[in-house]
Structure formats: C-alpha cells, structure tokens
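Me: I am new to this structure and would like to be taken through it. Could we go over it together, one topic at a time?

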Amino acid sequence: MAPPMSASSFLDALKDEGLTVVEVGDWRHHNRNHKGSWGPVNGVMIHHTVTQGSAATVRICRDGHADLPGPLCHGVITKDGHVHLVGYGRANHAGLGDDDVLRAVIAEKSLPHDNEANTDGNSRFYGFECENLGDGEDPWPAAQLEAIEKAAAALCRHHGWSERSVIGHLEWQPGKIDPKGFTMASMRERIRARLK
Ligand SMILES: [Zn+2]
C-alpha cells in the first residue's frame, strides 16, 4: 500500500527507465478524481485497446466515450514503443475486480483465479493501455513489449514492488481477455529480470 506517485515523479520514473514519453495535453490534471478515490496504489495493470492506429488509439484513451468517460488509462503504449501520457489520477481502466486478487497482489503471492467483481480497481492500479486489436493475431512488436516491460518495471522500482504487482486486466475482472497475444507470466518474468 502506498500513496500514488506525483505526476512529475511518474514522468521521471518512465524516462529514467529509458522510455520515450509523449505528454498529451494537460495529462497531469485529466482524471476521474471527482468520482472516487485515487490510491492507495498496489500495482500496475496491463490492457489491450482493441483499436488500430496510434493517433486514434491515443485519442480514444484520452477522451473515452459516452458510456465510459476518459481517461481510460494513464499511459498508452503504441506499437512503436512510445508511452503517451493521457491522464493522471483516477482513470477508467480497471473497473471492478476480485478482492482475492487484490490481496494476492498486495502480498505479492501467486494469483488466484478471478471469479468476483466486488472491488474498485481504478483507485488501486496504475493502468497502461497497449495498442492492439486483441484478436490474438495482431502482432506485438518487440519495441512495444519492451516498453510494457520498462513502464511496469519503472513503477515497481519506485514503489519497491516485485513483478508480482503487475497483472493483466484478464487476471482482475471475470470476462476480460486482455492483454491477448502474450502471457502475463512471460511479461512478469521480463520485469523480474529487469528489476534485478
Ligand atoms: Zn482492459
């Protein structure tokens, strides 16, 4: 359990990990803090967007849509491996998930199967949306996977978390399939190696 990083610390952590960061509009103050709490934070959540084209993907993640207002994450990781900051604070990305999973993340234990949607994840997780159609066929370029690894590791490094604090949306909320196209186990292994 930890207070969220400041927006400036968040930006610095990503840059210090070697990432190319793009600041989109007034991202530091674009959030859903008027709808609920932001923090304490316990981990990092990875998503795919089901969109195509970097500009459209970033715009959708910043603005959201009528039934799900943006921001839909903090950072959008496009196929070129750039991280576009679209919001900071509470964001509409995690939704309701399983309290047993949250307890496992906090304890940094292996995850139980998610079978309940009873806990607000938007206050607890940093969120990265990754540009991909999510059909299992759209490729994940090496630069994009490396950026996911670096972004997650940067936040773990700041908070003193292990790779077990990084989960996929599919591990949080029943019915979700994202990210599809690589396994979270393989991504956690990469993050573990980077944090050593
Ligand atoms: Zn998702």
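Me: Let us start with the metal. Which residues coordinate the zinc ion?
Reply: Please keep in mind that this is a predicted model. In it, the zinc ion is coordinated at 2.1 Å by ND1 of His-47, ND1 of His-169 and an OD atom of Asp-178.

Me: How are those donor residues spaced in sequence?
Reply: The spacing of the donor residues is H-x121-H-x8-D.

Me: And are His-169 and Asp-178 buried or exposed?
Reply: Both His-169 and Asp-178 are buried.

Me: What is the peptide bond after Asp-178 like, cis or trans?
Reply: The bond from Asp-178 to Pro-179 is cis, and its omega is near 0 degrees. Pro-179 belongs to the loop between β10 (166–168) and α5 (184–195). As a general point, most peptide bonds are trans.

Me: Where else is there a cis bond?
Reply: The bond from Gly-39 to Pro-40 is also cis, with omega near 0 degrees. Pro-40 sits in the loop that runs between β1 and β2 (43–48).

Me: Now pockets. What is the volume of the largest one?
Reply: The largest pocket has a volume of about 360 Å³. It is lined by 21 residues, and those closest to its centre are His-48, Leu-68, Glu-129, His-169 and Lys-176. His-169 is thus named twice here, since it is also a donor to the zinc ion.

Me: Which elements give two or more residues to that lining?
Reply: Those elements are β2 and α2.

Me: And how does the lining divide by class?
Reply: The lining of the largest pocket holds 7 nonpolar, 11 polar and 3 charged residues.

Me: Changing topic: which residues of helix α1 are buried?
Reply: In α1, which covers residues 7–16, the buried residues are Ala-7, Phe-10, Leu-11, Ala-13 and Leu-14. Seen down the helix axis, these residues fall within an arc of 160 degrees, so they line one face of α1.

Me: What covers them?
Reply: The cover over the buried residues of α1 includes the strands β1 (21–23), β6 (83–85) and β9 (125–130), together with the helix α4 (142–159).

Me: What follows α1?
Reply: α1 is followed by Gly-18, which has a positive phi near 95 degrees.

Me: Which residues other than glycine have a positive phi?
Reply: Val-50 is one of them, with a positive phi of about 60 degrees. Glu-108 is another, and its phi is near 55 degrees. In general, most residues other than glycine have a negative phi.

Me: Where are these two found?
Reply: Val-50 is in the loop between β2 and α2 (54–63). Glu-108 is in the loop between α3 (99–107) and β8.

Me: How exposed are they?
Reply: Val-50 has a relative accessible area of 53%, so it counts as exposed, the cut-off being over 50%. Glu-108 has a relative accessibility of 24% and counts as partly exposed.

Me: You mentioned β8. What about Thr-119, is it buried or exposed?
Reply: Thr-119 lies in β8 (residues 119–120). Its relative accessible area is 15%, and because buried means under 20%, Thr-119 is buried.

Me: Which residues does Thr-119 touch?
Reply: Leaving aside residues up to four places away in sequence, Thr-119 touches Gly-95, Leu-96, Gly-97, Asp-98, Asp-99, Leu-102 and Trp-172.

Definitions and conventions. Residues are numbered from 1 along each chain as its sequence is written. This is a predicted model: local features need pLDDT of at least 70, side-chain atom pairs count only at pLDDT 80 or more; totals for chains, interfaces and linings use all residues. Side-chain values use heavy atoms; hydrogens and water are left out. Helices (H or I, at least four residues) and strands (E, at least two) are DSSP runs, numbered from the N terminus. Buried means under 20% relative accessible area, exposed over 50%, partly exposed in between (1.4 Å probe, protein chains only). Contact means heavy atoms within 4.5 Å. Donors are N, O and S atoms within 2.8 Å of the metal (3.2 Å for Na, K and Ca); water is not among the atoms, so sites may look incomplete. The arc is that of the directions from the helix axis to the C-beta atoms. On a 1 Å grid over the protein atoms alone, a cavity is a set of points where a 1.4 Å probe fits but cannot get out, and a pocket is an open set with protein on both sides within 12 Å along at least five of seven lines; lining residues have an atom within 4 Å of a point. Grid points are joined across faces, edges and corners, and a volume is the space filled by probe spheres set on the points. Ala, Val, Leu, Ile, Met, Phe, Trp, Tyr, Cys and Pro count as nonpolar, Asp, Glu, Lys and Arg as charged, and the others, Gly among them, as polar.
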